[in-house]
Amino acid sequence: MPNTSFAAGTEQWIGELGRLRGVVRQHVVAAQLAEMVDNSGPMRVLDVGCGQGTQSLLLARSGHHVTGLDVSAELLGQFADALAGEPAEVQSRVRLLQGPGEAATELVDGPFDLVMCHGVLMYLDDINPMLAALSAVAGERARLSLLIRNGLAMAMRDGLRGDYPAALRAFDTRQYTNRLGLHAQAHTPDVLDRALRPFGWQRRRWYGVRVFTDHSDEPSPAAAELTDLLAAELQAGARDPYRQVAALLHLCYARGAR
Ligand SMILES: C[S@@+](CC[C@H](N)C(=O)[O-])C[C@H]1O[C@@H](n2cnc3c(N)ncnc32)[C@H](O)[C@@H]1O
């Protein structure tokens, strides 16, 4: 089994999903993904660390064929419960598998057109076996979508929350304890670019996720009340300097001459 520290935070993660920051994260990532998804036909998508399957489900509803791979039986169960409420044709486009992403070559049948790994790399002791596995099951002209903790601006979260001693400690480290109480590791785009180059990946786009709302602990209001907030988050996540201080970074890579 890979050394992942996520399991102890599973219950808290489920609780996060309905909070404002969880809603912002999923909405913004979905909109950014839509910019890299090829809608000319169904894509084969692999979602490693799919968890409850928010993004996978949206892609399956749009006609894409999705394989969700995750180590957590509990979160795969949440995904399966959500899937059970979908029309039969959506259900038929989703396959769920339990296992570590690092073993993807043994567990799934590639090649995939789009490989996603969102909110996983920060929990791994070593990201390289995961990146190698994601690359091995991706096709020659595939896309890769990674959601990482932003290592460019580590003091932002504590600073915005008014915890200035913690902000001072955060400036010169990429290690942190997240809101699930888990020790985790942030990364910068350069680190990922270097690690992925040998596998033929080039970064084509990058976005920030959660610029204005990362410090919020509030439950989410109804979606209708969030229209302007979500639009502002999308704008900020797509441009400098705002995206550089976002809580998370969404890095989008491509292979082949595109
Ligand atoms: C923070 S959740 C993110 C879920 C989903 N990708 C999202 O962004 O909404 C992290 C997920 O990664 C899974 N995970 C952690 N390490 C993993 C590994 N080595 N292989 C596969 N899944 C892993 C956890 O079980 C959990 O479901």
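Where does P241 lie? P241 is in the loop between helix 11 (227-237) and strand 9 (248-254). The peptide bond that leads into P241 from D240 is cis, with omega near 0 degrees. I shall return to such details after an overview.

Good morning, colleagues. Two remarks on conventions come before the overview. The model is a predicted one, in which local features need pLDDT of at least 70 and side-chain atom pairs count only at pLDDT 80 or more, while totals for chains, interfaces and linings use all residues. Residue numbers start from 1 along each chain, as its sequence is written.

Let me begin with the whole protein. It contains 11 helices and nine strands; helices (H or I, at least four residues) and strands (E, at least two) are DSSP runs, numbered from the N terminus. The radius of gyration is 17 Å, close to the 18 Å that the globule rule gives for 258 residues, so the protein is as compact as a globular protein of that length. That radius is taken over C-alpha atoms, and the rule is 2.2 Å times the number of residues to the power 0.38. Along the principal axes, the C-alpha atoms fill a box of roughly 50 × 40 × 35 Å.

Of the 258 residues, 40% count as buried. A residue is buried if 20 or more other C-beta atoms lie within 10 Å of its own, exposed if 12 or fewer, and partly exposed in between, with C-beta atoms placed from the backbone. Among contacts with a separation of 6 or more, 76% are between residues 24 or more positions apart; a contact requires C-beta atoms, placed from the backbone, within 7 Å.

I turn now to the sheet. Seven strands form an open sheet in the order 3-2-1-4-5-9-8, and the pairing is mixed. Two strands pair if DSSP finds at least two bridges between them. Strand 3 (94-98) and strand 8 (202-209) are the edge strands, each pairing on one side only. From one strand to the next, the twist averages 15 degrees; axes are lines fitted to C-alpha atoms, for helices over the stretch in contact, and angles run from 0 to 180 degrees between N-to-C directions.

Which residues of strand 1 point one way, and which the other? R44, L46 and V48 point one way, V45 and D47 point the other way, and all are buried. Strand 1 (residues 44-48) pairs in the parallel sense with strand 2 (residues 65-70) over five bridges, and V45 stands opposite V66 there. Between these two strands the chain passes through helix 3 (residues 54-61), forming a right-handed β-α-β crossover. Right-handed denotes a clockwise path from the first strand over the helix to the second, with the strands pointing away from the viewer. Six of the eight residues of helix 3 are buried, and G63, which follows the helix, has a positive phi near 105 degrees.

Strand 1 is also joined to strand 4 (residues 112-118), parallel to it, by four bridges; here L46 has V115 as its bridge partner. Farther along the sheet, strand 2 and strand 3 pair in the parallel sense over five bridges, with V66 opposite V94.

Next, the interior. The largest nonpolar core has 63 residues, of which V48, V115, C117, L121, L134, V137 and I148 touch the most other members. Such a core is a set of buried Ala, Val, Leu, Ile, Met, Phe, Trp, Tyr and Cys residues joined through C-beta atoms within 7 Å. Strand 5 (residues 138-149) gives the most to this core, with six residues.

Why does L134 count as buried? L134 is buried because 30 other C-beta atoms lie within 10 Å. L134 is found in helix 7 (residues 128-137), a helix that lies across strand 1, strand 4 and strand 5 and runs at about 160 degrees to strand 4. Not counting residues up to four places away in sequence, L134 touches V48, G101, A104, V115, C117 and L144. With its neighbours within four places likewise set aside, V137 has contacts that include L46, V115, G110 and P111.

That brings me back to backbone details. G110 and P111 are joined by a cis peptide bond, with omega about -5 degrees, and P111 is in the loop between helix 6 (104-107) and strand 4. Finally, R210, a residue other than glycine, has a positive phi near 75 degrees. R210 is in the loop between strand 8 and helix 11, and is buried, with 24 other C-beta atoms within 10 Å.

How values were computed. Two residues are in contact if their C-beta atoms, placed from the backbone, lie within 7 Å.
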